[in-house]
Amino acid sequence: DYVAADFKIVTGFIEPHFFAGFSGGPKGMMPGIAGIETIMTFHNAQMIGDIRSTWGNMDDNPVQDMTREINAMCKPDFMLNVALNKDKAITKVFAGELYEAHDRGCDYVKKHAMFKCDERFDVVIAANSGYPRDQNLYQTVKGMRAAHKVVKEGGSIIMVSECADGFPDHGKFAEIFKLAETPQGILDLIHDPQFQEMDQWQVQKQASIQTFANVYV
């Protein structure tokens, strides 16, 4: 339906993203409505593990580059995205040509929602912005990843997250964690070219954090 549409509009909101740099824009189409094979390639271990695939980075970020490359094959005609504050109120609207409008939005969000931290800490206490982002451990990995950027190696991350939905029970997230006894064992499994499961990217991020620091939820 999307490909056949006369006029294609992508909507969403822009925020820092823990491996795509920023959400919104082209991510509304890719991986938003992509097929499963494309989604799995987009989230493969090499892409997710690349040091350039991180918060706020749009320069040579392989994840962001891939989503933009695929969008160019069947580009939306118009983008409408918003930025939100901590109360989930709209603070800015970005509309127009996909890449130009998204770049403007990313610049705005980087200025208003991120700040540079020049040191690491022994203990970092972090939250996940409340419901619905703290509804389960899968979502909590995002806040965990932010804390990972400023905690010392061997330090401790304390995540304040309700996780009322557990791991959750649906999806492959919890199942993958049962396949190895240590975080490093999980990473070795995911980096095996023969291994391919939904949700492995979130498991990969959490396991990489746990090989670096202690995590308490």
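Start by colouring the two domains of this predicted model: their C-alpha centres lie 22 Å apart. To make the selections, use 2-113 for domain 1 and 121-215 for domain 2. Where the domains meet, domain 1 brings 17 residues to the contact and domain 2 brings 19 residues.

Next, turn to the second largest pocket, which has a volume of about 300 Å³. Where does this pocket lie with respect to domain 1 and domain 2? Both domains give residues to its lining, so the pocket lies between them.

To centre your view, select Gly49, Arg145, His148, Lys205 and Ser208; of the 15 lining residues, these lie nearest the centre of the second largest pocket. Now switch on the cartoon and pick out helix H2 (45-49), helix H5 (137-148) and helix H8 (200-210), the elements that each give two or more residues to this lining. H8 supplies the largest share, with 3 residues. If you colour the lining of the second largest pocket by residue class, you should find 4 nonpolar, 6 polar and 5 charged residues.

For the last stop, select helix H7, residues 183-190, and show the side chains of Ile186, Leu187 and Ile190, which are its buried residues. Now look down the axis of H7: the buried residues fall within an arc of 100°, so they line one face of the helix. What do the buried residues of H7 pack against? Add H2, helix H6 (173-177) and H8 to the view, and you have their packing partners. Two of these will be familiar from the pocket stop, as H2 and H8 also give residues to the lining of the second largest pocket.

Notes:
Residues numbered from 1 in each chain as written. Predicted model: local features only at pLDDT ≥ 70, side-chain atom pairs only at ≥ 80, totals over all residues. Heavy atoms only, no water. 1 Å grid on protein atoms, 1.4 Å probe; cavity = no way out; pocket = protein on both sides within 12 Å on 5 of 7 lines; lining within 4 Å. Points joined across faces, edges and corners; volume = space filled by probe spheres on them. Helix = DSSP H or I, 4+ residues; strand = E, 2+ residues; numbered from the N terminus. Nonpolar A, V, L, I, M, F, W, Y, C, P; charged D, E, K, R; others polar. Domains from an automatic or database assignment. Buried < 20%, exposed > 50% of the residue type's maximum accessible area, 1.4 Å probe, protein only. Arc of directions from axis to C-beta. Contact = heavy atoms within 4.5 Å.
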